[in-house]
Amino acid sequence: MTSGITDVPGVRVAHVTLSQDAPVVRTGVTCVLPHHRDLLAHPVPAAAHVVNGYGKPVGLSQVVELGELEAPVLLTGTLAVGAVHEGAVRELLGRHPDLGRPATVNPVVLECNDGRLHDARTLAVRPAHAQAAVRAARTAGEGHPVEQGAVGAGTGMVAFGWKGGIGTASVPVQDDDGVRATLGALVLTNMGRPEDLVVHGRRVGARGGEPVADPVDGSVVVLLATDAPFDARQLGRLARRGQNGLARTGVPTAHGSGEFVLAWSTGSTTDAPRRDGGWLTLWFDAVAEVVEEAVLSSLRHARATTGLGGLVADRCPHV
């Protein structure tokens, strides 16, 4: 495993973190730029998969319909989706003077509910925070490491009863056809009961600390990026394997959970695309591996956080 999703050439990430004690604010915005080029002019192939749809995403239907991604991807808390979408649109309007007359744009905003640690009624996230996140991502250096844990959209998240948040990982892949590329994952974790947690095949459960008594339901967002030349349909096959990586960590995908996977490629598909075959199995295995590691990394890098009503989400001692 290498450092994270920004190991995929062109991908950049930035956070805006909001934290204060009166009122209790533990939230933020994370921006992932699928590629550093102008996505409106040069969209990237993309696909989305809904594991369980108890969520409030914006922009996924167009990705599914057209098989491409044309704007930044932003992560935040549930009640901030509207403000973050507005901020992304305002930022794009400022960069593209003809946008909206009449052509539109499709920013993708994905969310998890940070209302256990964060007072979501404050509506603390404003459009300007999303704009700042997009600008910071745009100016981040190539391959810049991703800050993980209780940052950005991950500030108020709880996973398996421990402090969750942002996690990322990547893995180099060379398949049977000789294609060398990087597969990266970034996750926003806010799901699972303490007794569900599995670390590298070992069920650790609620031992070794005082996890928050979480309900079964929760959410997780998975972003997958690669520079391998996949088309949208093949990316859909990768996205559907994201659930395998979640299952390795014990994610229960409950009735009221929201698990969404978004995958894209920064590699060129203008050459003759490869027909599906056994070579894809290696990529499916890599998806499970990198998603599992990203989830565990979100726990590993998180710090103990005190939130709404004095509730404390401790750092997980098992990772």
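This is a working chat about the fold, the central sheet and the salt bridges of a predicted model.

Me: Before we start, what should I keep in mind about this model?
Reply: It is a predicted model, in which local features need pLDDT of at least 70 and side-chain atom pairs count only at pLDDT 80 or more, while totals for chains, interfaces and linings use all residues. Residues are numbered from 1 along each chain as its sequence is written, and side-chain values use heavy atoms, with hydrogens and water left out.

Me: How many helices and strands are there?
Reply: The protein chain has six helices and 16 strands, where helices (H or I, at least four residues) and strands (E, at least two) are DSSP runs numbered from the N terminus.

Me: And how compact is the chain for its length?
Reply: Its radius of gyration is 18 Å, close to the 20 Å that the globule rule gives for 319 residues, so the chain is as compact as a globular protein of that length. That radius is taken over C-alpha atoms, and the globule rule is 2.2 Å times the number of residues to the power 0.38. Along the principal axes, the C-alpha atoms fill a box of roughly 55 × 45 × 35 Å.

Me: What share of the residues is buried?
Reply: Of the 319 residues, 57% count as buried, with buried meaning under 20% relative accessible area, exposed over 50%, and partly exposed in between (1.4 Å probe, protein chains only). The chain exposes about 12,500 Å², of which carbon and sulfur atoms supply 49%; these accessible areas come from the Shrake-Rupley method with a 1.4 Å probe, and for residues only the protein chains shown count as cover.

Me: Which strands make up the six-stranded open sheet?
Reply: The order is β4-β3-β14-β13-β10-β9, and the pairing is mixed; two strands pair if DSSP finds at least two bridges between them. The edge strands are β4 (68-69) and β9 (165-174), each of which pairs on one side only.

Me: How is β4 joined to β3?
Reply: Two bridges join β4 to strand β3 (residues 44-53), and these strands run antiparallel, with Val44 having Leu69 in β4 as its bridge partner.

Me: What about β13, buried or exposed?
Reply: Strand β13 is mostly covered, since eight of its eight residues are buried. Ser219, Val221, Leu223 and Ala225 are buried on one side, and Val220, Val222, Leu224 and Thr226 are buried on the other.

Me: In which sense does β13 pair with β10 and with β14?
Reply: β10 and β13 pair in the antiparallel sense over eight bridges, and Ala185 has Leu224 in β13 as its partner. β13 and β14, on the other hand, pair in the parallel sense over eight bridges, with Ser219 matched to Gly258 in β14.

Me: Which strands does α6 lie across?
Reply: Helix α6 lies across β9, β10 and β13, running at about 150° to β9. Such axes are lines fitted to C-alpha atoms, for helices over the stretch in contact, and the angles run from 0 to 180 degrees between N-to-C directions; contact means heavy atoms within 4.5 Å.

Me: Changing topic, how many salt bridges are there?
Reply: The structure holds 12 salt bridges, each defined as a side-chain nitrogen of Lys or Arg within 4 Å of a carboxyl oxygen of Asp or Glu. Among them is the pair of Glu91 and Arg135, at 2.7 Å, N to O.

Me: Which parts does the Glu91 and Arg135 pair tie together?
Reply: Glu91 lies in helix α2 (residues 81-95) and Arg135 in helix α3 (residues 127-139), so the pair ties together parts that are 44 residues apart in sequence. Glu91 counts as buried at 7% relative accessibility, whereas Arg135 is partly exposed, with a relative accessible area of 47%.

Me: And where do Asp276 and Arg237 sit?
Reply: Their side chains meet in a salt bridge at 3.0 Å, N to O. Asp276 is in the loop between β14 (258-265) and α6 (280-301), and Arg237 is in helix α4 (residues 232-240), 39 residues apart. Asp276 counts as partly exposed at 28% relative accessibility, and Arg237 is partly exposed with a relative accessible area of 23%.

Me: What about Glu293, buried or partly exposed?
Reply: Glu293 counts as buried at 17% relative accessibility, while Arg300, with which Glu293 forms a salt bridge (3.0 Å, N to O), counts as partly exposed at 27%.
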